[in-house]
Amino acid sequence: MNFNRREMMKRALVAGSFLGMGGFVFADQKKFTYQVGAWMNGLSAFDRAKKSGLDTVQMSFPFKEGGDADFRSPEVCRKFVERSKEIGIPISSLALADFNGNPLWLIEDAEQRVSACIDAMVRLGVKAVLVPFFGKAVLNEEERFKITIERIKRLAPKAKDAGVILAIESTLDSAGHLRIINEVDSPAVQVFYDPGNMIRNFGDTDGICADIRRLKGLIAAVHAKDSTLLGEGKIDYKKILDTYREIGFFGPQILEGSKGKGIDMNESNRRNAIYLRSI
């Protein structure tokens, strides 16, 4: 199906209510300052984020069971929620990162893993999970597309009932993402957008911004990434953030990589956060 304007607005409103973006209440959207987080793991992530001046974190849902960060365990979730509240750094999203090497369209227990992640999201109070398709998992064959759509279609009702979003991140442009979203046909399936991936598709920031506009109302979360510190690489993040404001996306900018030469990741995160808040 193809979305008309009314359907797009309906889905945008649902996404806003799921993610708490508040994208429809800002009096002056052009002046909106984005929160900034980073992809970090472990109980110490909250302290590291605080030290770097970040507002939030993204964390991985582990592939292997067991360990002190296995969110399948209610007790582990309780410890992370308590530490999050103590430090004042929320978890904005999870990530099923191991699907890159163990593709959702390939492994037999993929749906059970996503289902377990949805349960964990409810316990943690997290509203979006990154479902990736890179490396071995890239969606470059029709059969992979079909299996992916079939499996996500079966998972979408549980995600919707839980009030969470399965956010696809891949090498696909908006047309490829829209194909999946249209065929699954659920407000619980949207996009985790990363300009750092899309620069390979479009070559410049203007092409990325046009792609973002085509996904208005369907972006659940985003990464902020470049080959070096933001503002010093290939991507014009002022244009990117202005485009997000234009389409009504106000979720946090989640840093991934973007490490400066000669400085560590914590300092890179600190500088990147300052830069993003300045634009």
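## Exercises on a predicted barrel model

Strands S7 and S8 run parallel and are joined by three bridges; strands here are DSSP runs (E) of at least two residues, helices are runs (H or I) of at least four residues, and both are numbered from the N terminus. Two strands count as paired if DSSP finds at least two bridges between them. The model is predicted, so local features need pLDDT of at least 70 and side-chain atom pairs count only at pLDDT 80 or more, while totals for chains, interfaces and linings use all residues. Residues are numbered from 1 along each chain as its sequence is written, and side-chain values use heavy atoms, with hydrogens and water left out.

**Exercise 1.** Determine the order in which the strands close into a barrel.

*Solution.* Step one is the inventory: the protein chain has ten helices and eight strands. Step two is the order: the eight strands close into a barrel as S1-S2-S3-S4-S5-S6-S7-S8, with parallel pairing. From one strand to the next, the twist averages 30 degrees. Step three is the closure: strand S1 (residues 36-39) pairs with strand S8 (residues 253-255) in the parallel sense over three bridges. Here valine 36 has glutamine 253 of S8 as its bridge partner.

**Exercise 2.** Describe the surroundings of strand S7 (219-224).

*Solution.* Begin with burial, where buried means under 20% relative accessible area, exposed over 50%, and partly exposed in between (1.4 Å probe, protein chains only). Six of the six residues of S7 are buried. Next, examine the neighbouring strands. S6 and S7 pair in the parallel sense over three bridges, and tyrosine 193 has valine 222 of S7 as its bridge partner. On the S8 side, histidine 223 stands opposite isoleucine 254. Finally, add the helix: H9 (residues 237-247) lies across S6 (189-193), S7 and S8, and runs at about 170 degrees to S7. Such angles run from 0 to 180 degrees between N-to-C directions, with axes fitted to C-alpha atoms, for helices over the stretch in contact.

**Exercise 3.** Characterise the packing of helices H3 and H4.

*Solution.* First, take the geometry: H3 (residues 74-87) and H4 (residues 110-124) pack at an angle of about 40 degrees, with their axes 9 Å apart. Second, classify the angle. Under 35 degrees counts as roughly parallel, over 145 as roughly antiparallel, 65 to 115 as roughly perpendicular, and the rest as oblique. H3 and H4 are therefore oblique to each other. Third, list the residues in contact (heavy atoms within 4.5 Å): H3 contributes Pro74, Cys77, Phe80 and Val81, and H4 contributes Ala120, Arg123 and Leu124.

**Exercise 4.** Is threonine 205 buried or exposed?

*Solution.* Locate the residue first: threonine 205 belongs to helix H8 (residues 205-213). Threonine 205 counts as buried because its relative accessibility is 7%. Then inspect its contacts: leaving aside residues up to four places away in sequence, threonine 205 touches Ile199, Lys234, Ile235, Asp236, Lys239 and Ile240.

**Exercise 5.** Compare the settings of aspartate 185 and serine 258.

*Solution.* Consider the backbone first. Aspartate 185 has a positive phi near 60 degrees, although the residue is not glycine; serine 258 likewise has phi near 60 degrees. Now place each residue. Aspartate 185 lies in the loop between helix H6 (174-184) and S6, whereas serine 258 lies in the loop between S8 and helix H10 (265-278). Last, consider exposure: aspartate 185 is partly exposed, with a relative accessible area of 39%, while serine 258 counts as buried at 3%.
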